[in-house]
Amino acid sequence: MDIALFSPSSLFANDDDSSSVEETTETQQSFVERKHQFPGMELMVREFSFHQLNANLLWPGTFAFAEWLVQNRPLIEGRHCIELGSGTGALAIFLRRLCNLDITTSDYNDQEIEENITYNCRVNGIAPALPHIKHTWGDVFPCSDPDWDLIIASDILLYVKQYPNLIKTLLFLLKSYKTTENESQPRAKDETTGQSFSLPRPSFLMSWRRRIGKEDESLFFTGCEDAGLEVMHLGSRFIASNQEKLLPTATK
């Protein structure tokens, strides 16, 4: 049986009053550039003033996730990572600058999203830009033989009707990873529950802060279980992997 880990958190972003607005002449798309405080660094992020797929803003879950990842940095160092629903690309840019993480961004098949992520990479000193994959959940994945050992996401549970497609994509990515023997599995301790846990290869790790109904949340987790994933709670966090033997164990 496969396993799944997700992470809702309660930290909020510290917005900076500094911002600039620009508008393209070709598409009349408006942007706002803002300074955002991430753990240990400041990033300048260009955001759409509006985007039909909500790829326009940084949501509180991004900053919550960044804090958690800093606290558990040994779990992600040296991983081969893809982020689903990258939006502005800010979290991926942060992780590249934090620990030189090998990370690929991905989002809906939309040229404006990709171009904006490229722009944000450039203004934050990431050159060349992070690799990016255009992908609509549930469709055939553009890479036929993916091999990421860590899948991350933040604030992507907005559209309930897309849960089955999201789960389909997760299953494909998790099952495509080629596990090798003797892969290191650093462990961490969840501050809320006191449980020690590892982040197996491969794993899915998600954070969200947007308020969605408990019934809607349960649809996603039930869908994961019905698909053969084992959903595991660590306080306000959850993990996903196809390595059942690496379930977290309680510590005294």
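In which loop is Asp155 found? Asp155 sits in the loop between strand 8 (150-154) and helix 4. We will come back to this residue later, once you have met its surroundings. Keep in mind as you read that this is a predicted model.

Let's begin with the whole chain. There are five helices and 14 strands in it, and 54% of its 252 residues count as buried. You can also ask how far along the sequence the contacts reach. Taking contacts between residues at least 6 apart in sequence, 70% join residues at least 24 apart.

Now find helix 1, which covers residues 60-71. At 1.5 Å a residue, its 12 residues should span 16 Å, and the end C-alpha atoms are 17 Å apart, so the expected and modelled lengths agree. The buried residues of helix 1 are Gly61, Thr62, Phe63, Ala64, Phe65, Ala66, Trp68 and Leu69.

A little further along the chain comes strand 5 (residues 80-84), where you will find Ile82. Is Ile82 buried or exposed? Its relative accessible area is 0%, and because anything under 20% counts as buried, Ile82 is buried. Look at what surrounds this side chain: leaving aside neighbours within four places in sequence, Ile82 is in contact with Thr104, Ser106, Ile133, Phe141, Trp148, Leu150, Ile151 and Ile152. One of these partners, Ile133, is 51 residues away from Ile82 in sequence, yet the two C-alpha atoms are 9.2 Å apart in space.

Next, go to helix 4, which runs over residues 163-176. Its 14 residues should span 20 Å at 1.5 Å a residue, and its end C-alpha atoms are indeed 20 Å apart, so the two values agree. The buried residues here are Tyr163, Leu166, Ile167, Thr169, Leu170, Leu171, Leu173, Leu174 and Ser176. Take Thr169 as an example: with a relative accessible area of 3%, it is buried. Apart from neighbours within four places in sequence, Thr169 is in contact with His135, Trp137 and Gly138.

Helix 5 (residues 214-226) makes a good companion to helix 4. Its 13 residues should span 18 Å at 1.5 Å a residue, and its end C-alpha atoms are 18 Å apart, so this helix agrees with expectation too. Which residues of helix 5 are buried? They are Glu217, Phe220, Phe221, Gly223 and Cys224. These residues cover an arc of only 155° around the axis, so they lie on the same side of helix 5. On the face turned away from that buried side, you will see the exposed residues Lys214, Glu215 and Asp226.

How do the two helices meet? Helix 4 and helix 5 pack at an angle of about 35°, with their axes 10 Å apart, and their crossing is right-handed. Helix 4 brings Tyr163, Leu166, Ile167 and Leu170 to the contact, while helix 5 brings Asp216, Leu219, Phe220, Gly223 and Cys224. Sorted by type, the residues of this contact divide into seven nonpolar, one polar and one charged.

Just after helix 5, Gly228 takes a positive phi of about 100°. Strand 12 (residues 229-234) holds Glu230. At 21% relative accessibility, Glu230 counts as partly exposed, because the buried class stops under 20% and the exposed class begins over 50%. Glu230 and Ser241 are 11 residues apart in sequence, and their C-alpha atoms are 8.2 Å apart.

Finally, let's visit some backbone details. Most residues other than glycine have a negative phi, and most peptide bonds are trans. Asn100 has a positive phi of about 55° although it is not a glycine. Asn100 is in the loop between helix 2 (90-99) and strand 6 (102-107), and at 61% relative accessibility it counts as exposed. Asp155, from our opening question, also has a positive phi of about 55° without being a glycine. At 6% relative accessibility, however, Asp155 counts as buried.

Two cis peptide bonds complete the tour. The bond from Ala127 to Pro128 is cis, with omega near -5°, and Pro128 lies in the loop between helix 3 (111-123) and strand 7 (132-134). The bond from Arg201 to Pro202 is cis as well, with omega near 5°. You will find Pro202 in the loop between strand 10 (195-198) and strand 11 (203-208).

Conventions:
Residues are numbered from 1 along each chain as its sequence is written. This is a predicted model: local features need pLDDT of at least 70, side-chain atom pairs count only at pLDDT 80 or more; totals for chains, interfaces and linings use all residues. Side-chain values use heavy atoms; hydrogens and water are left out. Helices (H or I, at least four residues) and strands (E, at least two) are DSSP runs, numbered from the N terminus. Buried means under 20% relative accessible area, exposed over 50%, partly exposed in between (1.4 Å probe, protein chains only). Contact means heavy atoms within 4.5 Å. The expected span of a helix is 1.5 Å times one less than its number of residues. The arc is that of the directions from the helix axis to the C-beta atoms. Axes are lines fitted to C-alpha atoms, for helices over the stretch in contact, and angles run from 0 to 180 degrees between N-to-C directions. A crossing is left-handed if the near helix is turned anticlockwise from the far one by less than a right angle, and right-handed if clockwise. Ala, Val, Leu, Ile, Met, Phe, Trp, Tyr, Cys and Pro count as nonpolar, Asp, Glu, Lys and Arg as charged, and the others, Gly among them, as polar.
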